[in-house]
Amino acid sequence: MLPTLRALLARDDLALRLATPAPAAALDAPVQWVHSSDLVDPTPFLAPGQVLLTTGTQFDQTDADDYVARLVDRGITGLGFGTEVIRAGTPVALIESCGARGLPLFEVPYRTPFIAVARTTAELIAADAYARHTWALDAQRAISLAALRADGLRAALAELARVLATGVALFDAGGGLDRVFPADAIDPIALGVVRRDVELLLARGQRASATVEAGGRSLQLHTLGGRGRLRGVLAVGADLDEQGREVVASVVGLASLALEQARELDRTRQRMRTGLVHALLAGETELVARVAPDLGGALPEGEVRVAIVAVDSDRRDGLDELLERRARQSTGALFFGRTDDGVLLVIDAASSRTLRELPRRFGARVGVSGVASREQLTPALAQAKDALATLDEPGMRGFDDLAARGIVDSLARGGTRELARAAIAPLTRHDADAGTELVATLRAWLEADAQYDRAAAALGVHRHTVRARIALAERVSGRDLGTFAGRAELWVALVASA
């Protein structure tokens, strides 16, 4: 810690004496430096946190109260008056002004030169700097030794929390909370607030630091990894000085390296998982069931669903890390691996929590099959692909939803919309140019099973009007509406173009 005014007053060799009552906070404020001046207004040459020494020659030209007011406004920590140099004792007006404004005033006896006060302060500041530097080296050495243990990352973060005497949290590349040291050091509500900022930092994909307020405390966030390949975020719950920041920076480097090494192991597991996926789709269910637990995620038993997840390339690492963690935690409810279409997941039919969070966290598109058995994974995969093909933006869609909407709606979402719009374009143009209502009439007529009376009632017009419009629609569209095929083609076109 920097020296304080209380520490200077306690030095017997300086023999300083406090001349005014002062609050404890003022006496314990850090002293940045000691400066001496007899200028009427020395504040342009002073900085907040400094102590000013004076012999008082300026009080022949300025009012003591105005002088003290300027010092207080500048943020001066204390004022020292050299007695018996120019004046005998300390001016009463100066004592009263300092007392009224809460500025500590102390007397410097004639035998104590100002340079002695300044030199003592400089020595204390240097000693503090040396102590902080030594502490930083010791802390970094302890953290480095901890990093050599079996679980180096965990040990290094635990040591960081110890040397800083604060909480430390690690978030993975997907923005999920990985671990906290000590376990209850940071309030869960605060961690929930911080998680949104963590996800924003990760989404930018660049190395960055930020300070956020959460739960009534400040947390410093530091991304781990390099640009375009972030591996996580470290949250440190402390207001750090320069040496503390140096210690954190060293841990950020160690953690980035450890996570990168872990990522290489994950990539190896992913390649093995990919092989298991191909074996699974080839019908080697029992083989995969035996091998999968060794990779940290067993193949679910009983009824399952198959999902295909598509994400942008810069979000894949985060997705993989989340799935790795969930596979280890789910005890046989989740298995995953890569295919040419994206990431394939086999999940317990009753579990969908992981799938629901993927669109929000990773901007993923997720297609999900209906319920299937282990032996029906290939057709279930085809269902998941069909569901995925209907998504143009982040979201999740199940094959069951497609089935409920019907075949025609599925066709509309499968890429035939432009063809459908082209089929009814002649009718649309005629309505726009002539002010007719051929499209609306045709839809109402088809919905009424081609019955003119029912269509007329739905439209609120005479049945002869409907008949005339349908005849005109037949000529404009070039379709024979007297046949089922002609009516069916225009009906599909109307639905698919919507």
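**Salt bridges in a predicted protein chain: figure legends**

Among contacts between residues at least 6 apart in sequence, 62% join residues at least 24 apart in the protein chain. Please keep in mind, as you browse these views, that this is a predicted model.

**Figure 1. The whole protein chain, with its 18 helices and 15 strands.** Here is the setting for the close-ups that follow. The protein chain has 498 residues, and 45% of them count as buried. Its accessible surface comes to about 24300 Å², and carbon and sulfur atoms account for 53% of that area. Searching the whole structure turns up 13 salt bridges; the next views visit some of them. As a reminder, side chains of opposite charge can pair when their charged atoms come close.

**Figure 2. Asp13 and Arg11 joined by a salt bridge.** The closest N and O atoms of this pair are 3.2 Å apart. How exposed are the two partners, Asp13 and Arg11? Asp13 has a relative accessible area of 43%, so it counts as partly exposed. Arg11 is also partly exposed, with a relative accessibility of 29%.

**Figure 3. A salt bridge between Arg101 and Asp65.** In this view, the closest N and O atoms lie 3.4 Å from each other. Which parts of the chain does the pair link? Arg101 belongs to helix α4 (residues 92–101), while Asp65 sits in helix α3 (residues 64–74). The two residues are 36 residues apart, and the pair thus links distant parts of the chain. Arg101 is partly exposed at 39% relative accessibility, and Asp65, with a relative accessible area of 30%, is partly exposed as well.

**Figure 4. Arg360 and Glu199 meeting in a salt bridge.** The side chains of Arg360 and Glu199 come together with an N to O distance of 3.6 Å. This pair, too, links distant parts of the chain: Arg360 is in helix α11 (residues 353–362), Glu199 is in helix α7 (residues 188–204), and 161 residues separate them. Is Arg360 buried or exposed? Its relative accessibility is 54%, so Arg360 counts as exposed, the cut-off for that class being over 50%.

**Figure 5. A network of Arg195, Glu199 and Arg360.** This view takes in Arg195 along with the pair from the previous legend. Which residues make up the network? Arg195, Glu199 and Arg360 are joined into one network by salt bridges that share partners. Within it, the side chains of Glu199 and Arg360 form the 3.6 Å salt bridge shown in Figure 4.

Terms used
Residues are numbered from 1 along each chain as its sequence is written. This is a predicted model: local features need pLDDT of at least 70, side-chain atom pairs count only at pLDDT 80 or more; totals for chains, interfaces and linings use all residues. Side-chain values use heavy atoms; hydrogens and water are left out. Helices (H or I, at least four residues) and strands (E, at least two) are DSSP runs, numbered from the N terminus. Buried means under 20% relative accessible area, exposed over 50%, partly exposed in between (1.4 Å probe, protein chains only). Contact means heavy atoms within 4.5 Å. Accessible areas come from the Shrake-Rupley method with a 1.4 Å probe; for residues, only the protein chains shown count as cover.
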